[in-house]
Amino acid sequence: MSTVNAGIPTPDITVDGAGLLCVTLLLRLRKEIDSAEPGTIVHVIATDLAAPLDLPAWCHMT
């Protein structure tokens, strides 16, 4: 059964980085969002334990 969560926007882009090291995920993410318009909602799937630290830092710098 599928549940729809009210108030959570549907992502425009999903980047699946499951099983990837964070550096590879960031390269894939950059490629996917390179032509995205401002306001694009991106859903990132990550399993690397460094992702919760690396992703926010990368977003801040980018």
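**Exercise 1. Find what covers the buried residues of helix α2 in this predicted model, and work out which face of the helix they line.**

Step 1. Start with the cover: α1 and β2 are among the elements that lie over the buried residues of α2.

Step 2. Now pick out those residues. Helix α2 covers residues 51-61, and its buried members are Ala51, Leu55 and Trp58. Buried here means under 20% relative accessible area.

Step 3. Look down the axis of α2: the buried residues fall within an arc of 70 degrees, so they line one face of the helix. A general rule helps here: an α-helix has 3.6 residues a turn, so residues three or four places apart point the same way.

Step 4. Check the other side of α2, where Pro52, Leu53, His60 and Met61 are exposed.

**Exercise 2. Trace how strand β1 is joined to strand β2, and give the hand of the crossover.**

Step 1. Locate the strands: β1 takes in residues 13-17 and β2 residues 42-46.

Step 2. Look at the pairing. The two strands run parallel, with five bridges between them. One pair to find on screen is Val15 with its bridge partner Val44 in β2.

Step 3. Follow the chain from β1 through helix α1 (residues 22-33) to β2; this β-α-β crossover is right-handed.

**Exercise 3. Put the elements in order and describe the whole protein.**

Step 1. Count two helices and two strands, then read along the sequence to get β-α-β-α.

Step 2. Turn to burial: of the 62 residues, 18% count as buried.

Step 3. Finish with the surface. The protein exposes about 4900 Å², and carbon and sulfur atoms supply 59% of that area.

Terms used. Residues are numbered from 1 along each chain as its sequence is written. This is a predicted model: local features need pLDDT of at least 70, side-chain atom pairs count only at pLDDT 80 or more; totals for chains, interfaces and linings use all residues. Side-chain values use heavy atoms; hydrogens and water are left out. Two strands pair if DSSP finds at least two bridges between them. Helices (H or I, at least four residues) and strands (E, at least two) are DSSP runs, numbered from the N terminus. A crossover is right-handed if, with the strands pointing away from the viewer, the path from the first strand over the helix to the second runs clockwise. Buried means under 20% relative accessible area, exposed over 50%, partly exposed in between (1.4 Å probe, protein chains only). The arc is that of the directions from the helix axis to the C-beta atoms. Contact means heavy atoms within 4.5 Å. Accessible areas come from the Shrake-Rupley method with a 1.4 Å probe; for residues, only the protein chains shown count as cover.
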